[in-house]
Amino acid sequence: MSGGVDSAVAAARAVEAGHEVVGVHLALSRDPQSVRESSRGCCSLEDSADARRVCDKLGIPFYVWDFSDRFKEEVIDDFIDSYAMGETPNPCLRCNEKIKFRALLERGLALGFDAVATGHYATIDENGYLRRSVDPNKDQSYVLGVLTADELAHCYFPVGNTEKPQIREEAARHGFSVAKKPDSYDICFIPDGNTKAFLGKNIGMRPGAIVDEEGRKLQDHDGVYGYTIGQRKGLNIRVPAKDGRPRYVTDIDAATGTVVVGPREHLAVHTIIADRLKKLHPAFDGEFEAEVQVRAHGEVVPCQAAISGDTMTLTLSTPLSGVARGQAAVIYLPDPDGDIVLGSGTICGTVH
(Lines give C-alpha, C1' and ligand atoms only; values in the text may rest on other atoms or scores of the structure.)
Protein backbone atom coordinates (compact mmCIF):
# COMPACT_ATOMS: atom_id res chain seq x y z
CA MET A 1 0.00 0.00 0.00
CA SER A 2 1.71 3.12 -1.28
CA GLY A 3 -0.51 5.53 0.62
CA GLY A 4 -2.35 6.55 -2.53
CA VAL A 5 -5.97 6.29 -3.59
CA ASP A 6 -5.53 3.33 -5.98
CA SER A 7 -4.00 0.92 -3.46
CA ALA A 8 -6.57 2.05 -0.87
CA VAL A 9 -9.48 1.08 -3.10
CA ALA A 10 -7.67 -2.11 -4.16
CA ALA A 11 -7.46 -3.13 -0.49
CA ALA A 12 -11.11 -2.26 0.08
CA ARG A 13 -12.22 -4.32 -2.91
CA ALA A 14 -10.11 -7.27 -1.76
CA VAL A 15 -11.78 -7.12 1.66
CA GLU A 16 -15.23 -6.86 0.08
CA ALA A 17 -14.45 -9.90 -2.10
CA GLY A 18 -13.98 -11.94 1.05
CA HIS A 19 -10.20 -12.27 1.04
CA GLU A 20 -8.13 -12.22 4.20
CA VAL A 21 -6.21 -8.98 3.62
CA VAL A 22 -3.09 -7.56 5.25
CA GLY A 23 -1.87 -4.08 4.33
CA VAL A 24 1.86 -3.75 3.65
CA HIS A 25 3.71 -0.48 3.06
CA LEU A 26 7.22 -0.71 1.63
CA ALA A 27 9.90 1.43 3.29
CA LEU A 28 12.21 2.11 0.34
CA SER A 29 14.25 5.01 1.68
CA ARG A 30 17.01 4.50 4.25
CA ASP A 31 16.10 7.93 5.59
CA PRO A 32 12.40 8.61 4.96
CA GLN A 33 12.83 12.02 6.61
CA SER A 34 14.82 13.00 3.52
CA VAL A 35 11.80 12.39 1.27
CA ARG A 36 9.91 15.62 1.51
CA GLU A 37 6.20 15.60 2.16
CA SER A 38 3.88 16.26 -0.79
CA SER A 39 6.68 15.21 -3.16
CA ARG A 40 4.08 13.17 -5.07
CA GLY A 41 6.28 10.15 -4.61
CA CYS A 42 5.39 6.99 -2.75
CA CYS A 43 7.92 6.48 0.04
CA SER A 44 7.57 9.39 2.46
CA LEU A 45 6.48 9.20 6.10
CA GLU A 46 3.34 11.02 5.00
CA ASP A 47 2.53 8.20 2.56
CA SER A 48 3.09 5.56 5.25
CA ALA A 49 0.72 7.37 7.60
CA ASP A 50 -1.94 7.61 4.86
CA ALA A 51 -1.68 3.86 4.23
CA ARG A 52 -2.02 3.12 7.95
CA ARG A 53 -5.19 5.24 8.20
CA VAL A 54 -6.78 3.34 5.31
CA CYS A 55 -6.01 0.00 6.98
CA ASP A 56 -7.41 1.23 10.28
CA LYS A 57 -10.64 2.23 8.52
CA LEU A 58 -10.87 -1.19 6.84
CA GLY A 59 -10.04 -2.99 10.07
CA ILE A 60 -7.13 -4.94 8.60
CA PRO A 61 -3.58 -5.38 9.95
CA PHE A 62 -0.90 -2.97 8.74
CA TYR A 63 2.82 -3.59 8.47
CA VAL A 64 5.82 -1.70 7.14
CA TRP A 65 8.42 -3.90 5.44
CA ASP A 66 11.90 -2.43 5.09
CA PHE A 67 13.27 -3.07 1.60
CA SER A 68 15.54 -0.01 1.58
CA ASP A 69 18.79 -1.95 1.15
CA ARG A 70 17.44 -3.97 -1.74
CA PHE A 71 15.86 -0.85 -3.29
CA LYS A 72 19.21 0.95 -3.08
CA GLU A 73 21.03 -1.91 -4.79
CA GLU A 74 18.50 -3.00 -7.40
CA VAL A 75 16.80 0.28 -8.31
CA ILE A 76 18.89 3.31 -7.35
CA ASP A 77 22.31 1.80 -8.14
CA ASP A 78 20.91 0.29 -11.36
CA PHE A 79 19.54 3.72 -12.33
CA ILE A 80 22.94 5.36 -11.75
CA ASP A 81 24.88 2.61 -13.54
CA SER A 82 22.53 2.68 -16.54
CA TYR A 83 22.90 6.43 -17.02
CA ALA A 84 26.68 6.10 -16.66
CA MET A 85 26.55 3.64 -19.60
CA GLY A 86 24.58 6.10 -21.75
CA GLU A 87 21.24 4.35 -21.26
CA THR A 88 17.85 5.81 -20.31
CA PRO A 89 16.34 3.54 -17.64
CA ASN A 90 12.86 3.68 -16.13
CA PRO A 91 13.30 3.37 -12.33
CA CYS A 92 9.58 2.90 -11.65
CA LEU A 93 9.51 -0.05 -14.05
CA ARG A 94 12.61 -1.52 -12.40
CA CYS A 95 11.03 -1.01 -8.95
CA ASN A 96 7.97 -2.97 -10.05
CA GLU A 97 10.17 -5.74 -11.42
CA LYS A 98 12.65 -6.04 -8.56
CA ILE A 99 10.85 -4.74 -5.45
CA LYS A 100 7.07 -4.33 -5.57
CA PHE A 101 6.57 -7.78 -7.01
CA ARG A 102 9.69 -9.98 -6.85
CA ALA A 103 10.90 -9.02 -3.36
CA LEU A 104 7.39 -8.59 -1.98
CA LEU A 105 6.21 -11.90 -3.42
CA GLU A 106 9.27 -13.77 -2.14
CA ARG A 107 8.58 -12.64 1.40
CA GLY A 108 4.80 -12.87 1.15
CA LEU A 109 4.75 -16.41 -0.23
CA ALA A 110 7.33 -17.49 2.34
CA LEU A 111 5.00 -16.21 5.06
CA GLY A 112 2.04 -18.15 3.67
CA PHE A 113 0.22 -15.48 1.67
CA ASP A 114 -1.33 -16.44 -1.68
CA ALA A 115 -0.98 -13.27 -3.74
CA VAL A 116 0.00 -9.63 -3.88
CA ALA A 117 -2.82 -7.20 -4.65
CA THR A 118 -1.89 -3.71 -5.84
CA GLY A 119 -3.57 -0.61 -7.22
CA HIS A 120 -2.03 -0.94 -10.68
CA TYR A 121 -4.27 -0.26 -13.66
CA ALA A 122 -4.14 -3.55 -15.57
CA THR A 123 -6.12 -6.78 -15.61
CA ILE A 124 -5.38 -10.50 -15.64
CA ASP A 125 -7.86 -12.53 -17.69
CA GLU A 126 -9.27 -15.99 -17.01
CA ASN A 127 -6.28 -17.56 -18.77
CA GLY A 128 -3.79 -15.74 -16.58
CA TYR A 129 -2.68 -13.30 -19.28
CA LEU A 130 -1.89 -9.66 -18.55
CA ARG A 131 -4.10 -7.12 -20.36
CA ARG A 132 -4.44 -3.37 -20.55
CA SER A 133 -6.72 -1.55 -18.13
CA VAL A 134 -10.11 -0.32 -19.28
CA ASP A 135 -8.83 3.23 -18.57
CA PRO A 136 -6.39 4.05 -21.39
CA ASN A 137 -5.25 7.20 -19.61
CA LYS A 138 -4.11 5.26 -16.54
CA ASP A 139 -3.12 1.92 -18.06
CA GLN A 140 0.00 0.53 -16.38
CA SER A 141 0.41 -2.74 -18.25
CA TYR A 142 3.63 -1.34 -19.75
CA VAL A 143 5.41 -1.11 -16.40
CA LEU A 144 4.10 -4.58 -15.48
CA GLY A 145 5.34 -6.15 -18.72
CA VAL A 146 8.72 -6.85 -17.10
CA LEU A 147 7.25 -9.35 -14.62
CA THR A 148 7.49 -13.09 -15.14
CA ALA A 149 4.59 -15.45 -15.78
CA ASP A 150 5.17 -17.09 -12.39
CA GLU A 151 4.96 -13.72 -10.66
CA LEU A 152 1.76 -12.78 -12.51
CA ALA A 153 0.21 -16.04 -11.31
CA HIS A 154 0.35 -14.57 -7.79
CA CYS A 155 -0.88 -11.05 -8.67
CA TYR A 156 -4.30 -9.44 -8.24
CA PHE A 157 -5.21 -6.03 -9.69
CA PRO A 158 -8.63 -5.11 -8.24
CA VAL A 159 -8.92 -1.63 -9.83
CA GLY A 160 -7.81 -2.49 -13.37
CA ASN A 161 -11.40 -2.84 -14.62
CA THR A 162 -12.42 0.67 -13.52
CA GLU A 163 -11.64 4.19 -14.69
CA LYS A 164 -9.83 6.56 -12.34
CA PRO A 165 -12.69 9.02 -11.64
CA GLN A 166 -14.82 6.13 -10.33
CA ILE A 167 -11.94 4.97 -8.12
CA ARG A 168 -11.79 8.40 -6.48
CA GLU A 169 -15.57 8.38 -5.98
CA GLU A 170 -15.35 4.95 -4.39
CA ALA A 171 -12.57 6.11 -2.07
CA ALA A 172 -14.70 9.06 -1.01
CA ARG A 173 -17.63 6.75 -0.23
CA HIS A 174 -15.34 4.74 2.04
CA GLY A 175 -14.32 7.96 3.77
CA PHE A 176 -10.65 7.54 2.85
CA SER A 177 -8.63 10.71 3.42
CA VAL A 178 -6.62 9.90 0.25
CA ALA A 179 -9.66 10.21 -2.05
CA LYS A 180 -8.35 13.47 -3.53
CA LYS A 181 -4.63 12.83 -3.04
CA PRO A 182 -2.63 13.65 -6.22
CA ASP A 183 -1.10 10.78 -8.18
CA SER A 184 2.63 10.13 -7.81
CA TYR A 185 4.83 11.12 -10.74
CA ASP A 186 8.24 12.06 -9.35
CA ILE A 187 11.14 9.64 -9.04
CA CYS A 188 10.78 8.97 -5.33
CA PHE A 189 14.51 9.01 -4.60
CA ILE A 190 14.94 12.35 -6.41
CA PRO A 191 12.17 14.36 -4.70
CA ASP A 192 13.43 17.74 -5.96
CA GLY A 193 13.18 16.46 -9.55
CA ASN A 194 16.75 17.45 -10.47
CA THR A 195 17.90 14.21 -12.08
CA LYS A 196 21.04 15.71 -13.60
CA ALA A 197 22.25 17.01 -10.23
CA PHE A 198 21.52 13.65 -8.59
CA LEU A 199 23.50 11.79 -11.25
CA GLY A 200 26.34 14.29 -11.14
CA LYS A 201 26.66 13.81 -7.39
CA ASN A 202 26.73 10.02 -7.69
CA ILE A 203 28.74 9.59 -10.89
CA GLY A 204 31.04 12.60 -10.78
CA MET A 205 32.75 14.50 -13.57
CA ARG A 206 33.34 12.43 -16.70
CA PRO A 207 34.18 15.05 -19.35
CA GLY A 208 33.55 14.36 -23.00
CA ALA A 209 32.58 16.08 -26.22
CA ILE A 210 29.36 17.01 -27.98
CA VAL A 211 29.86 16.47 -31.71
CA ASP A 212 27.72 16.79 -34.82
CA GLU A 213 26.96 13.77 -36.97
CA GLU A 214 30.07 14.39 -39.06
CA GLY A 215 32.23 14.15 -35.96
CA ARG A 216 32.99 17.87 -35.60
CA LYS A 217 33.41 18.88 -31.98
CA LEU A 218 30.94 21.54 -30.89
CA GLN A 219 31.74 21.82 -27.19
CA ASP A 220 32.65 19.91 -24.03
CA HIS A 221 30.31 18.38 -21.45
CA ASP A 222 30.68 17.08 -17.87
CA GLY A 223 29.25 13.60 -18.41
CA VAL A 224 27.00 11.62 -20.75
CA TYR A 225 24.57 11.08 -17.86
CA GLY A 226 23.30 14.60 -18.46
CA TYR A 227 21.86 13.66 -21.85
CA THR A 228 19.16 11.37 -23.24
CA ILE A 229 18.27 10.34 -26.78
CA GLY A 230 15.86 12.86 -28.28
CA GLN A 231 16.85 15.67 -25.91
CA ARG A 232 16.69 19.18 -27.29
CA LYS A 233 16.44 21.49 -24.29
CA GLY A 234 19.47 22.17 -22.14
CA LEU A 235 22.10 21.40 -24.78
CA ASN A 236 23.29 25.03 -24.79
CA ILE A 237 25.35 24.50 -27.93
CA ARG A 238 27.04 27.75 -28.83
CA VAL A 239 27.81 26.78 -32.44
CA PRO A 240 24.64 27.02 -34.56
CA ALA A 241 23.73 24.33 -37.07
CA LYS A 242 24.52 25.14 -40.68
CA ASP A 243 20.85 25.05 -41.64
CA GLY A 244 19.80 26.92 -38.49
CA ARG A 245 17.47 24.13 -37.34
CA PRO A 246 17.34 22.80 -33.77
CA ARG A 247 19.62 19.92 -32.80
CA TYR A 248 18.67 16.81 -30.85
CA VAL A 249 20.73 14.13 -29.13
CA THR A 250 20.83 11.27 -31.65
CA ASP A 251 23.45 8.99 -30.06
CA ILE A 252 25.45 8.53 -26.85
CA ASP A 253 28.75 6.64 -26.60
CA ALA A 254 29.58 6.30 -22.91
CA ALA A 255 32.88 4.49 -23.63
CA THR A 256 34.31 7.56 -25.39
CA GLY A 257 32.19 10.14 -23.59
CA THR A 258 30.73 11.31 -26.90
CA VAL A 259 27.28 12.86 -27.32
CA VAL A 260 26.14 13.12 -30.94
CA VAL A 261 23.59 15.73 -32.03
CA GLY A 262 21.70 16.09 -35.29
CA PRO A 263 18.36 17.03 -36.89
CA ARG A 264 15.06 15.70 -35.61
CA GLU A 265 14.53 13.33 -38.54
CA HIS A 266 17.65 11.41 -37.55
CA LEU A 267 15.87 10.27 -34.38
CA ALA A 268 13.58 8.01 -36.39
CA VAL A 269 14.16 4.34 -35.52
CA HIS A 270 13.07 1.55 -37.89
CA THR A 271 14.44 -1.47 -36.02
CA ILE A 272 14.75 -2.22 -32.30
CA ILE A 273 16.94 -4.91 -30.75
CA ALA A 274 16.19 -6.06 -27.20
CA ASP A 275 17.51 -8.62 -24.74
CA ARG A 276 16.64 -9.76 -21.18
CA LEU A 277 13.36 -11.11 -22.52
CA LYS A 278 10.31 -11.89 -20.38
CA LYS A 279 7.76 -14.29 -21.89
CA LEU A 280 4.17 -13.85 -20.68
CA HIS A 281 2.24 -15.58 -23.48
CA PRO A 282 2.82 -18.64 -25.74
CA ALA A 283 2.65 -16.39 -28.83
CA PHE A 284 5.86 -14.65 -27.67
CA ASP A 285 8.05 -17.00 -29.70
CA GLY A 286 9.69 -17.25 -33.11
CA GLU A 287 8.40 -14.75 -35.68
CA PHE A 288 5.06 -13.00 -35.26
CA GLU A 289 3.17 -9.75 -35.84
CA ALA A 290 2.31 -7.58 -32.85
CA GLU A 291 2.49 -4.05 -31.49
CA VAL A 292 5.25 -2.47 -29.43
CA GLN A 293 5.35 0.30 -26.82
CA VAL A 294 8.70 1.68 -25.63
CA ARG A 295 7.70 4.13 -22.90
CA ALA A 296 4.88 4.48 -20.40
CA HIS A 297 1.86 6.00 -22.18
CA GLY A 298 3.99 6.23 -25.32
CA GLU A 299 2.96 5.67 -28.92
CA VAL A 300 2.09 2.09 -29.90
CA VAL A 301 3.12 0.91 -33.37
CA PRO A 302 2.71 -2.36 -35.31
CA CYS A 303 5.86 -4.43 -35.75
CA GLN A 304 7.24 -7.71 -37.03
CA ALA A 305 8.95 -9.49 -34.14
CA ALA A 306 11.62 -12.16 -34.41
CA ILE A 307 12.92 -13.93 -31.29
CA SER A 308 16.15 -15.90 -31.27
CA GLY A 309 17.38 -17.12 -27.89
CA ASP A 310 17.38 -14.18 -25.50
CA THR A 311 17.35 -11.56 -28.25
CA MET A 312 14.37 -9.95 -29.98
CA THR A 313 14.44 -7.93 -33.20
CA LEU A 314 11.49 -5.67 -33.94
CA THR A 315 10.96 -4.27 -37.43
CA LEU A 316 8.60 -1.32 -37.07
CA SER A 317 5.89 -0.54 -39.63
CA THR A 318 6.10 3.12 -38.57
CA PRO A 319 9.33 4.65 -37.23
CA LEU A 320 9.49 5.64 -33.57
CA SER A 321 11.37 8.73 -32.44
CA GLY A 322 13.83 9.00 -29.59
CA VAL A 323 14.18 5.31 -28.73
CA ALA A 324 17.00 4.81 -26.21
CA ARG A 325 19.01 1.88 -24.88
CA GLY A 326 17.79 0.87 -21.43
CA GLN A 327 14.10 1.43 -22.18
CA ALA A 328 11.70 -1.51 -22.11
CA ALA A 329 10.04 -2.72 -25.30
CA VAL A 330 6.70 -4.26 -24.28
CA ILE A 331 4.94 -6.36 -26.92
CA TYR A 332 1.15 -6.45 -27.24
CA LEU A 333 -1.40 -8.51 -29.14
CA PRO A 334 -4.30 -6.18 -30.06
CA ASP A 335 -7.63 -7.33 -28.65
CA PRO A 336 -10.99 -5.51 -28.31
CA ASP A 337 -11.32 -6.78 -24.72
CA GLY A 338 -7.98 -5.24 -23.79
CA ASP A 339 -4.66 -5.68 -25.55
CA ILE A 340 -2.74 -8.71 -24.26
CA VAL A 341 0.87 -8.35 -23.10
CA LEU A 342 2.90 -11.04 -24.86
CA GLY A 343 6.24 -10.20 -23.25
CA SER A 344 9.02 -7.65 -23.09
CA GLY A 345 12.71 -6.97 -23.50
CA THR A 346 15.24 -4.30 -22.60
CA ILE A 347 16.36 -2.24 -25.61
CA CYS A 348 20.07 -2.76 -26.31
CA GLY A 349 20.30 -1.39 -29.84
CA THR A 350 18.50 0.46 -32.64
CA VAL A 351 18.78 0.89 -36.40
CA HIS A 352 17.83 4.22 -37.94
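Select Arg107 to begin, and show its neighbours: leaving out residues up to four places away in sequence, Arg107 touches Trp65, Asp66 and Phe67, where contact means heavy atoms within 4.5 Å. Arg107 is found in helix 4, and helices here are DSSP runs of H or I with at least four residues, strands being runs of E with at least two, both numbered from the N terminus. Arg107 is partly exposed, with a relative accessible area of 33%; buried stands for under 20%, exposed for over 50%, and partly exposed for what lies in between, with a 1.4 Å probe and protein chains only. Draw a C-alpha to C-alpha distance from Arg107 to Trp65, and it spans 9.6 Å in space, although the two are 42 residues apart in sequence.

Before moving on, note that this is a predicted model, in which local features need pLDDT of at least 70 and side-chain atom pairs count only at pLDDT 80 or more, while totals for chains, interfaces and linings use all residues. Residues are numbered from 1 along each chain as its sequence is written, and side-chain values use heavy atoms, with hydrogens and water left out.

Next, select Leu26 and Gly119, where UniProt, in an unreviewed entry, places the feature "binding site". They span 94 residues in sequence, yet no two of their C-alpha atoms are more than 14.0 Å apart, so they gather at one spot. UniProt positions are given in the numbering used here with feature names shortened, and annotations may be inferred rather than shown by experiment. Leu26 lies in strand 1 (residues 23-27) and is buried, at 11% relative accessible area; beyond residues up to four places away in sequence, Leu26 touches Trp65, Phe67, Ile99, Lys100 and Leu104. Gly119 sits in the loop between strand 3 (116-117) and strand 4 (122-124), counts as buried at 12% relative accessibility, and touches Asp6, Ser7, Ala10, Gln140 and Val159, with the same sequence neighbours left out.

From Leu26, widen the selection to the largest nonpolar core, which has 25 residues, those with the most contacts inside it being Leu26, Phe67, Phe71, Ile99, Phe189, Phe198 and Leu199. Such a core is a set of buried Ala, Val, Leu, Ile, Met, Phe, Trp, Tyr and Cys residues joined through side-chain atoms within 4.5 Å. Two or more residues come from each of strand 1, helix 3 (68-84), helix 4 (91-110) and helix 8 (195-203), and helix 3 gives the most, with seven residues.

Now show helix 3 with helix 4: their axes come within 10 Å and cross at roughly 160°, the axes being lines fitted to C-alpha atoms over the stretch in contact, with angles from 0 to 180 degrees between N-to-C directions. That makes helix 3 roughly antiparallel to helix 4, since angles over 145 degrees count as roughly antiparallel, under 35 as roughly parallel, 65 to 115 as roughly perpendicular and the rest as oblique. Then swap helix 4 for helix 8, whose axis comes within 10 Å of that of helix 3 and crosses it at roughly 90°; the two helices are therefore roughly perpendicular to each other. Among the residues making this contact are Ile76, Phe79 and Ile80 of helix 3 and Phe198 and Leu199 of helix 8.

Finally, select residues 270-347, where UniProt places the feature "domain: tRNA-specific 2-thiouridylase MnmA-like C-terminal" (unreviewed entry). Over residues 270-347 the chain is 0% helix and 65% strand, and the end C-alpha atoms are 13 Å apart.
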